[in-house]
Amino acid sequence: MSEAIRQRNPNHDQFWLNEVLKPRTFLDLKAAPAGVRRSWVAEALAARRNGSATRPLPPLPVESASFDASAPRLRAVYRFERRFGGAPVELPEAQKWSERPKGGWAGGVRPVLGTFPIARVSNGHTFFIQKLHDIVGVHPVCVHTTYQYGDGDKYAYGKRERLRDAGLWLVDPASRYTSGSYLQLTSSLARQLSPTKAELLLPALRDEVHCVMAHLKLNALQRQWLQVGFLLAHALGRTLVLPPLWCVVDRFWTILDHCLIGSKVEMSRPFVCPLDHSFDVPAMTAQLPEWREHTFFASQRIAPQLAASTAPVRVGAAVAPDAASSAVPAPAASASAAALPAVTLPEGATVGEAARLLRGSDARVLRLDVSDLARLCRCLADAPELQPLNRKLQGALSQPYHYCDTTDNPYFVACKAERRSGCRKHPVHLMNVSRGVQRPPMLPHEACGDAAAAGQPRCGAVELPTNYINEGVTGRTSGPQ
């Protein structure tokens, strides 16, 4: 940002703010004498009350006597020294500018600039990622859909997906919440212990030493589970409801600090992350069947009949996940509605076998945890009609990644701490970076399941990464030069 501002880059939004503010002078109302602050508040209150005859206004929160500009919660309050507008209406436009007295026309207004508490007026990171409003226990007033990566050149898919996740996208038709049948995936990968603490539950992830490696493994698992989920939902003629997707690494434009965007960021890790953190939302929208967000059944617009018609699906001897470990809203049936019996599938059933067994269920919602989904056989030999979607899924669920973390670059950390230059471009101590593309392997569609040859694996294997650093000089960043 500082470089863009220094170069006066007009494509950077900060440039235009600076162009407005730099020529102006301001009165710092927090630092001004108390009498000045009281005068400003009285003037502001009077202006609002004078206008309330034609436009009803909500009750004002303060009177001038009780206004305390020194309160820490009031971050900054600046008032323009010059007035804007207010020129006599009879003057020609050119004279309104050329004859403007110093300080502006007497009838003009002096705008006030201030900063809002970020937990109440949030950006896209503090709201969707950190969930700062939950941490500090306040009700947010508004949110900007910034810090997101899922928009396309034709539509703001990422913004829409995030707002749907948060229950803030209200333009969808009522039919989206009342019609259709669904395959809902839930997730017992992790659980939220408090607004600032969560834990991974799978030993293969929990015991991973490095956060980037744990994240890549977690992402690979979730990618392959969504792959099977989309195939099974398509075979059943149902709409897939995504599970909550967990992340260990935050997504940002520069180097991370222990896999977060800063050492002082308040948030849990792992955390339930937006779809655009790990997936290409425009590609999914263009290539895959329609899906629903993981908070879909938490919506107040859900039809009671839909919520009541829910049946859990078990695979083999799988145990139902603890409610606290799911972090996903289950469809809330009415108190008088009887729960539908569980549907049990044999462990190792192929996607085609699972679909044939589940087609007999009258439940409008089939709920399947990923721990059960993992017990199905990754094979499409008995469901060739799913092969076109199988091919699409490999590309639509793929995503490039690029992570650079302080824990892998101690030379960079020491260099920056000593305020030296060229910390990223040392000829020997290169930056260690994790860069690549995560792409789920296609499910085998021949020579698997009952068609597997003797001695050959019956099911396709789940593939996990074995390394996370693929650029730089691993192990050579530990000492200064």
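Rings of Phe, Tyr and Trp count as a pair here if their centres lie within 6.5 Å. With that cut-off, a search of the whole structure, which is a predicted model, finds 15 aromatic pairs. Let's visit a few of them, then move on to a sheet.

Start by selecting F26 and Y78: their rings meet edge-to-face, with 6.5 Å from centre to centre and 75 degrees between the planes. This pair links distant parts of the chain, since F26 belongs to strand β1 (residues 26–28) and Y78 to strand β2 (residues 77–80), 52 residues apart. F26 counts as partly exposed, at 27% relative accessibility, and Y78 is partly exposed too, at 36%.

Now add F80 and F84 to your selection: ring pairs link these two with F26 and Y78 into a cluster. Show R82 as well, and you will find it over the face of F84, 4.2 Å from the ring centre.

Next, go to Y182 and F296, whose centres are 5.3 Å apart; with planes at 45 degrees, the pair is tilted. Y182 sits in strand β6 (residues 182–186) and F296 in the loop between β12 and α11, so the pair ties together parts 114 residues apart in sequence. Both Y182 and F296 are buried.

Strand β6 leads us to the sheet. Colour its six strands in the order β12-β9-β6-β15-β13-β14: the sheet is open, and the pairing is parallel. At the edges are β12 (291–292) and β14 (343–345). Inside, β13 (residues 310–315) and β15 (residues 365–369) pair over four bridges, and V313 has L368 as its bridge partner in β15. Finally, show helix α13 (residues 351–358), which packs on the sheet and touches β13, β14 and β15.

Technical notes
Residues numbered from 1 in each chain as written. Predicted model: local features only at pLDDT ≥ 70, side-chain atom pairs only at ≥ 80, totals over all residues. Heavy atoms only, no water. Pairing = 2+ DSSP bridges. Helix = DSSP H or I, 4+ residues; strand = E, 2+ residues; numbered from the N terminus. Contact = heavy atoms within 4.5 Å. Axes fitted to C-alpha atoms, helices over the stretch in contact; angles between N-to-C directions. Phe/Tyr/Trp six-rings, centres within 6.5 Å; stacked < 30°, edge-to-face > 60°. Buried < 20%, exposed > 50% of the residue type's maximum accessible area, 1.4 Å probe, protein only. Lys NZ or Arg CZ within 6 Å of the ring centre and 35° of its normal.
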